[in-house]
Amino acid sequence: MTDTSRNPEPTTAAAASTEASGPAYDNDGATTTASGERETLLEITGLSKSFGTVHANKDISLRVDRGEIVALLGENGAGKSTLVKQIFGLMTPDSGTISIKGDASRIKDPKDAIRRGIGMVHQHFQLVPVMTVAENMMLGHETTSGGLLDLDGARQMVRELSAKHKLAVDPDAEVEDLPVGTQQRVEILKALSRRVDLLILDEPTAVLTPQETDELLGVMKELAAGGTSIVFITHKLREVLAAADRCYVLRQGAVVGQVDDLSGTTTSDLASMMVGRDVVLRVDKAEATPGETVLSVKGLQVRDDRGLPAVDGFDLEVRAGEIVGLAGVEGNGQRELVESLAGMRPSAGGTVTLGSGSDTVDLTRSNAHDTNNAGVGHVPEDREKHGIVGGWSIADNLVLNRYDEAPFARGFVRDFGAVRSHAVELREEFDIRSPNVDVPAGSLSGGNKQKVVVAREMSARPRLLMAAQPTRGVDVGSIEFIHRRIVEARDAGAAVLLVSAELDEILSLSDRIAVIHGGRVVAEVAGQDADRTEIGRLMAGDSDAH
Ligand SMILES: Nc1ncnc2c1ncn2[C@@H]1O[C@H](COP(=O)(O)OP(=O)(O)OP(=O)(O)O)[C@@H](O)[C@H]1O
C-alpha cells in the first residue's frame, strides 16, 4: 500500500486504438496529451457526503488517468456506491470537488454527467424488460442527445457497437428474455453509444458466470486500450489483479489505501487491506456426518415465466448434516428450482418432501408460508425483490416470516421489545453496518441488505437451508463469516442446499456436488473428489466429462 505520485508508464493503454475513427458515438482513442503526458481524466479532492449521522464518504481524494482501469475496493458499506453516484450526478457532495478533464463545476444530474463523457452501469440494471434491445437503446437517446433515434437507426447502432466491442447482442431480442450477462452487455453498449471518457461499473461481475466475467474483463481492457478510463467496484479480488492498473481501498467512508503497482500484490494482501485484519479465504471444515434424508425431490417439473420447462425431471436428496452444492451455468433451471422448493412457484409435476418416515411433510403444492413453517429457510437470489421490504425497518425485516410467532408476538399482540432486542443481537452477530435497527432496510448498502437476509434465515434454525448466491455482493470478511455460519448450520444438523454461480464457493463448501444442466441433475460427485475442470465441463453440458 503506497501513497504514490503519478504512474508514468501505465501498462494498459500506451497503444491507442488503431481502428479508424468510427461513427459519432465512437471514442477518440487518444490516451495522452499533446506533450505526451497522460491526461488526468477524473480528479476528486476532499469529497465528503453524509446521510444523517452516517459519514458515507469522508474527505476522499483520488485520481484516474485516461485509459486506466481503477478498482474501488472496500467492505460492505464502506462508501463505494455513494462515491460513484456522486461522480455520475446521482448525488450531490456535501463538500469537495469532482473534476472531469479539468472542469470542476458541479455535476448537476446524470444527464449532465453523460454530456461530460461519463457512463455508468448500475448494480441493478435500468433496462425496460418488455422492450427490445434496440428500443431500450432509443430510450436513452431521447432524453440525452436531443435527437430521436428511429428504430432502424437504433438497430444499426446496436449491431455496429456489438461488432466493435465484441459484445454480441441481438437488437431485436426482448430484454426480459436475455440472460443477466447479456442484459449487462446491453447496459454497457448503451453507455458506449455516446462518447464515453469514463465508464463506471458498479459490481459488474456480481451476477455473471465465470465465463461472462472473463469476457467482460477482456472488454474492459480493450476499452482502456482505446482510451476509455474505467472505475469499477468489485468484491472479487482476483478480478482486481486480473484487470486493474491501480486500486483504492475504502474503509468507513475514507480512502485507507492505494496500490499503484498491483504486480507484487496477492488477493490476501488486498483482503487484509480492506478488512484491516487477515482474512481466511478458504473454508476449514470437518468431514460431514450425514444423517437422515431431509429434502427429497423426485421427477420435479417447473416452468419458467414463459411457461416453458425450466426444471425437467429433477431428482435430488439432501440429508441432515451435509451441504449439497448445486453447480451450474446460470439459466439451467436453478432459479425456478429454488423458487419452487421455497413455495414461490408452482410445480408442474413430480414430488417434493421434507423429512423421512412418519415425520414426512409433502411440500409439492405448498405455498411460501407453509414451506417456511415446515422448516425451510430460504436465502433468495434476488434480495431486492424477495429478500427484504425496503421501506420497513431492519428489525421488522429480521422477523419478516416470524412476526406472528412467539417470542415476537403473544396471541395477536406483537412484542416490539422482543423484535427489537432480537434485531440488536443479530445486527451485532452478523456485523450489519447501520446506525441502528430502526432505519429502513432499503437505506443499507447492498452487502448489508444481504447480511439482513442471511441473518434472518439462519437465526430461524431451519431443517433445510436453501441458500441461493448467499455471498453475492458481500465483502471478503463477510464471505468468510457467512461460509463459517453455513458450515456451523450443517454441523448443528441442518441440511443445506447451496446454489451458487461461484464455482469456488461450491467447491470449498460442498460435501457433495450435484451438477445441473438443462433443468436436471446430470452428475453427482463427492465434494473432496471434485475436479474443477470436470465440473466445468459437466456444467457446460459435456456428458462424457464424468
Ligand atoms: N440513500 C441513503 N440513505 C441513507 N443511508 C445511505 C444511503 N445510501 C447509502 N447510505 C449509507 O451510506 C453508507 C455507504 O453505503 P454505500 O452503498 O456507498 O456502500 P458500499 O461500499 O457501496 O457497500 P456495498 O459493498 O455493500 O455495496 C452505508 O452505511 C449506507 O447504509
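**Figure 1. The shell around the ligand is made up of five nonpolar, 12 polar and three charged residues.** For these classes, Ala, Val, Leu, Ile, Met, Phe, Trp, Tyr, Cys and Pro are taken as nonpolar, Asp, Glu, Lys and Arg as charged, and the others, Gly among them, as polar. Please keep in mind that this is a predicted model, in which local features need pLDDT of at least 70 and side-chain atom pairs count only at pLDDT 80 or more, while totals for chains, interfaces and linings use all residues. Residue numbers start from 1 along each chain as its sequence is written. Of the 20 residues around the ligand, those that come nearest are N76, S81, T82, S445 and G447; a residue is near a molecule or strand when its C-beta atom, placed from the backbone, lies within 6 Å of it. Three elements, β2 (54-65), α1 (80-87) and α14, each contribute at least two residues to this shell. Helices (H or I, at least four residues) and strands (E, at least two) are DSSP runs, numbered from the N terminus.

**Figure 2. Helix α14, one of the suppliers of the ligand shell, is mostly covered.** Of its 14 residues, 13 are buried, where buried means 20 or more other C-beta atoms within 10 Å of a residue's own, exposed means 12 or fewer, and partly exposed is in between, with C-beta atoms placed from the backbone. The helix covers residues 446-459, and its end C-alpha atoms are 20 Å apart, in agreement with the 20 Å that its 14 residues should span at 1.5 Å a residue. That expected span is 1.5 Å times one less than the number of residues. Just after α14, look for R461, which takes a positive phi of about 50°.

**Figure 3. K451 sits in helix α14.** K451 counts as buried because 28 other C-beta atoms lie within 10 Å. Leaving aside neighbours within four places in sequence, K451 is in contact with F430, D431, I432 and S478; contact here means that the C-beta atoms of two residues, placed from the backbone, lie within 7 Å. L161, by comparison, is 290 residues from K451 in sequence and 38 Å away in space, C-alpha to C-alpha.

**Figure 4. Domain 1 and domain 2 meet through 13 residues of domain 1 and 12 residues of domain 2.** On the side of domain 1 that touches domain 2, the largest share, three residues, comes from helix α8 (residues 267-275). By class, that side of domain 1 has eight nonpolar, three polar and two charged residues. Domain 1 runs over 40-275, and domain 2 combines 293-375 with 462-545; these bounds come from an automatic or database domain assignment. The centres of the two domains, taken over C-alpha atoms, are separated by 33 Å.

**Figure 5. S50 belongs to strand β1 (residues 40-51).** S50 is partly exposed, as 14 other C-beta atoms are found within 10 Å. Residues up to four places away in sequence aside, S50 touches H55, A56 and D94. P93 is 43 residues away along the chain, and 8.5 Å separate its C-alpha atom from that of S50.

**Figure 6. A374 occupies the loop between α10 (368-373) and β15 (376-379).** With 18 other C-beta atoms within 10 Å, A374 is partly exposed. Not counting residues up to four places away in sequence, A374 touches L354, V361, L363 and S366. D362 is 12 residues from A374 along the chain, with a C-alpha separation of 9.6 Å.

**Figure 7. In two loops, E203 and Q469 are worth a look for their backbone angles.** E203 is not a glycine, yet has a positive phi of about 45°. This residue lies between β6 (198-202) and α6 (210-225), and counts as buried because it has 23 C-beta neighbours inside 10 Å. Q469, also not a glycine, has a positive phi of about 50°. The loop that holds Q469 links β18 (464-468) and α15 (476-491), and Q469 is buried, with 25 other C-beta atoms within 10 Å.
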